[in-house]
Amino acid sequence: MIQHMIRIGNGYDVHRLAPELPLYLGGVKIPHTKGAVAHSDGDALIHALCDALLGAAALGDIGLHFPDSDPAYKGIDSKILLTKTMALLETAGYRPVNIDAVVALQAPKIAPNIPQMRSVLSQLLRLPQDAVSIKATTTESLGFVGREEGVAVYVVCLIAKQ
Ligand code: MG
């Protein structure tokens, strides 16, 4: 088997939005009238990021390692899931190189929150902030995101052999 030094991963996550729930993205609480319906804290950005990292190392997915049927993960801070994912990656002999995320959300505008999200994630990933890219888009009012029924997040990452 060829041992590549650099590998790519991608992750995707969706959470339904409902009134009077907290909205967490990238480890940051976003002020909004709606939040994520979830077993954990519903941080779709961190969930997609964990899946991208696990995928890059072919270690399965977030549902395999942190099943939502397990009461241990009820209401869990997703930053803990990312820390555990980093430990799995490290055990497999890899470290992240960079990540690039797209958050699809109709409202609210998260541009003001992105610097804090990059700061939180760069610390958890042990990367400089210029290796942590987070972008936001609406879907022009189309589809479930456009109807403000949910949030969708796409993440790609590179990982390298330690
Ligand atoms: Mg999720």
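How many disulfides does the count come to? I started my notebook with that one, and the count comes to zero. One reminder to myself before going on: this is a predicted model.

**Entry 1: the cysteines**

I looked up C50 first. C50 is in no disulfide, and the nearest cysteine sulfur belongs to C157, 10 Å away. Then I turned it around: C157 is in no disulfide either, with the sulfur of C50 as its nearest, 10 Å off. A disulfide needs the two sulfur atoms within 2.5 Å, so this pair doesn't qualify. For my own benefit, I noted that a disulfide is a covalent bond between the sulfur atoms of two cysteines.

Are C50 and C157 buried or exposed? C50 has a relative accessible area of 0%, so I wrote it down as buried. C157 comes out at 4%, so it goes down as buried too.

**Entry 2: the magnesium ion**

Which protein donors does the magnesium ion have? I found D13 through OD, H15 through NE2 and H47 through ND1, lying 2.2 Å from the ion. Along the chain, the donors follow the spacing D-x1-H-x31-H. I checked where the ends of that pattern sit: D13 is in strand β1 (residues 6-19) and H47 is in helix α1 (residues 44-56). They are 34 residues apart, so I put this pair down as a link between distant parts of the chain. D13 and H47 are both buried.

**Entry 3: the sheet**

Next I traced the strands. Five of them form an open sheet, and I read the order as β4-β1-β7-β5-β6, with mixed pairing. Which strands stand at the edges? They are β4 (34-36) and β6 (132-137); each has a single partner strand, so one side of each is left without a neighbour in the sheet. From one strand to the next, the twist averages 25°.

Then I went through the pairings:

- β1 and β7 (residues 150-161) run antiparallel and are joined by 11 bridges. I recognised H15 from the magnesium entry; its bridge partner in β7 is V151.
- β5 and β7 are also antiparallel, over 10 bridges. Here N98 stands opposite L158 of β7.
- β5 and β6 pair in the parallel sense, over six bridges. D100 has S133 in β6 as its bridge partner.

**Entry 4: helices on the sheet and on each other**

What does α1 lie across? I listed β1, β5 (94-104), β6 and β7, with α1 running at about 155° to β1. Helix α4 packs on the sheet as well, touching β5 and β6, and its direction makes about 145° with that of β6.

I also looked at how α3 (residues 78-91) meets α4 (residues 114-125): they pack at an angle of about 30°, and their axes are 9 Å apart. On the α3 side, the contact is made by K79, L82, T83 and M86; on the α4 side, by V120, L121, L124 and L125. Sorted by class, that contact has six nonpolar residues, one polar and one charged.

**Entry 5: a look at a loop**

Where does S69 lie? I found it in the loop between α2 (62-65) and α3. With a relative accessible area of 63%, S69 is exposed. I compared its position with H39: the two are 30 residues apart in sequence, and 8.5 Å apart in space from C-alpha to C-alpha.

Terms used:
Residues numbered from 1 in each chain as written. Predicted model: local features only at pLDDT ≥ 70, side-chain atom pairs only at ≥ 80, totals over all residues. Heavy atoms only, no water. Buried < 20%, exposed > 50% of the residue type's maximum accessible area, 1.4 Å probe, protein only. Donors = N, O, S within 2.8 Å, 3.2 Å for Na, K, Ca; no water. Helix = DSSP H or I, 4+ residues; strand = E, 2+ residues; numbered from the N terminus. Axes fitted to C-alpha atoms, helices over the stretch in contact; angles between N-to-C directions. Contact = heavy atoms within 4.5 Å. Nonpolar A, V, L, I, M, F, W, Y, C, P; charged D, E, K, R; others polar. Pairing = 2+ DSSP bridges.
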